[in-house]
Amino acid sequence: TAEILEKHNIPYQIAFGTLLGAVRHGGFIPRDDYFDFLLFDDSYDKATEVLARELPADMMLENEKTEPKYFHGWAHVKDLKSECDCALFPQDNIYKHHGLSVDLYKLTKIKEKDFAQYRLNEAIAYIDRRKKLGFISEEDYEKKKELFIREFNERKDKEQTACDSEKEIFAYPFTYGKQEIDDVFPLKKYKFEDAEFFGPNNYHPLLVSEYKDYMQLPPEEDRKPHYTSVKYF
C-alpha cells in the first residue's frame with residue numbers, strides 16, 4: 001500500500017497503534033494485528049483509485065464500490081490470503097471478505113471552530129449508513145442520534161476557547177479526532193520492522209490524545225488484539 005502511494009507521490013502517515021508501535025517498539029505492538037494509515041482529503045480519491053488499480057491480485061480495495069454492505073466512512077485494503085474472525089468489532093464480520101485489513105482513514109482540513117459539528121456529522125452519517133443497510137433498528141438509530149447530539153453539545157461547551165477559532169486543523173472521524181497541521185508536516189519516515197513508512201513530524205500530540213502515557217505498556221488484561229483468530233491460505 002505505502003509503495004503504491006509513494007510511487008504516485010500521494011502523502012500518507014501511519015497512525016494510532018501503528019505509529020505507537022513504530023515509536024515504542026520499532027514495529028508491531030505485541031498482540032497488535034492491525035495497520036492504520038491516515039490519508040488527506042485533497043488526494044483521498046486519487047489514492048483509492050490507484051490502489052484499486054495497482055494492488056496485487058491477492059489484495060483488494062474494500063469500499064462502497066466493491067462491498068454492497070459497506071457502512072464505514074473510509075476504505076480498507078484487504079488481504080485475500082487470510083480469513084479473520086473479529087469478536088471485538090462484530091459488525092466487521094458482515095462484509096464478504098474477512099482478511100487482514102489496513103484502514104485508510106481520511107484527514108479533512110477544516111477550521112477549528114467547525115470541529116465539534118464535523119464530529120457530529122460524521123457520527124450521524126455512520127449510523128445513517130447502518131440504518132439504510134438494515135443493520136440497526138429505527139429505535140436504536142434514534143437513541144444513538146440523541147446520544148451523539150448530547151455529546152456534541154457537551155463538546156461545544158468544553159471547547160469554548162476553540163469555538164470561534166479560524167485556525168485550520170486536520171480532523172478525522174472518531175475519538176479525539178484532530179491534528180495540528182504543524183504537527184503533521186513535514187512528514188518524516190519511521191522505522192517499522194524491516195521497512196520504513198511516513199508518519200507525522202511530531203508524533204507526541206497524536207499519541208497522547210489516543211493513549212495518554214503511551215510509553216507505558218497497558219495492563220495484561222487490556223492488551224486485546226483486533227482479531228480473535230486469523231487463518232492464512
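Colleague: Which residues of helix α3 are buried in this predicted model?

Modeller: In this predicted model, helix α3 (residues 44-54) has Y44, A47, T48, V50 and L51 as its buried residues. Their cover includes α1 (2-7), β2 (35-40), β3 (59-62), β4 (75-79) and β6 (101-111).

Colleague: L51 caught my eye. Where does it stand in the largest nonpolar core?

Modeller: That core has 41 residues, and L51 is listed with F16, F37, L104 and F197 as having the most contacts inside it. Strand β2 gives the most to this core, with five residues. A second, separate core of seven residues includes A116, L120, I127 and I136.

Colleague: And what does F37 touch?

Modeller: Leaving out residues up to four places away in sequence, F37 touches A2, Y12, Q13, V102, D103, L104, Y105 and F197. Ring pairs also link F37 into a cluster with Y12, F28, F35, F192, F197 and F198.

Colleague: Let's take F35 and F192 from that cluster. What makes their pair edge-to-face?

Modeller: The planes of F35 and F192 are 75 degrees apart, and edge-to-face asks for over 60. Their centres are 5.1 Å apart, and the limit for a pair is 6.5 Å, so F35 and F192 form an edge-to-face pair.

Colleague: What does that pair tie together?

Modeller: F35 lies in strand β2 and F192 in strand β9 (residues 188-192), so the pair ties together parts that are 157 residues apart in sequence.

Colleague: Why are F35 and F192 called buried?

Modeller: Buried means under 20% relative accessible area. F35 has 11%, so it counts as buried; F192 has 3%, so F192 is buried too.

Colleague: Now F170 and F185: why is that pair called edge-to-face?

Modeller: Their planes stand at 70 degrees and their centres are 6.0 Å apart. The angle is over 60 and the distance is within 6.5 Å, so the pair is edge-to-face.

Colleague: Are those two rings buried or exposed?

Modeller: F170 is buried, at 3% relative accessible area. F185 has 36%, which lies between 20% and 50%, so F185 is partly exposed.

Colleague: How do you know that R130 is buried?

Modeller: The relative accessible area of R130 is 14%, which is under 20%, so R130 is buried. R130 is found in helix α4 (residues 115-132). Apart from neighbours within four places in sequence, R130 is in contact with F71, Q91, F135 and I136.

Definitions and conventions
Residues are numbered from 1 along each chain as its sequence is written. This is a predicted model: local features need pLDDT of at least 70, side-chain atom pairs count only at pLDDT 80 or more; totals for chains, interfaces and linings use all residues. Side-chain values use heavy atoms; hydrogens and water are left out. Helices (H or I, at least four residues) and strands (E, at least two) are DSSP runs, numbered from the N terminus. Buried means under 20% relative accessible area, exposed over 50%, partly exposed in between (1.4 Å probe, protein chains only). Contact means heavy atoms within 4.5 Å. A nonpolar core is a set of buried Ala, Val, Leu, Ile, Met, Phe, Trp, Tyr and Cys residues joined through side-chain atoms within 4.5 Å. Rings of Phe, Tyr and Trp (its six-membered ring) pair if their centres lie within 6.5 Å; planes under 30 degrees apart count as stacked, over 60 as edge-to-face and the rest as tilted.
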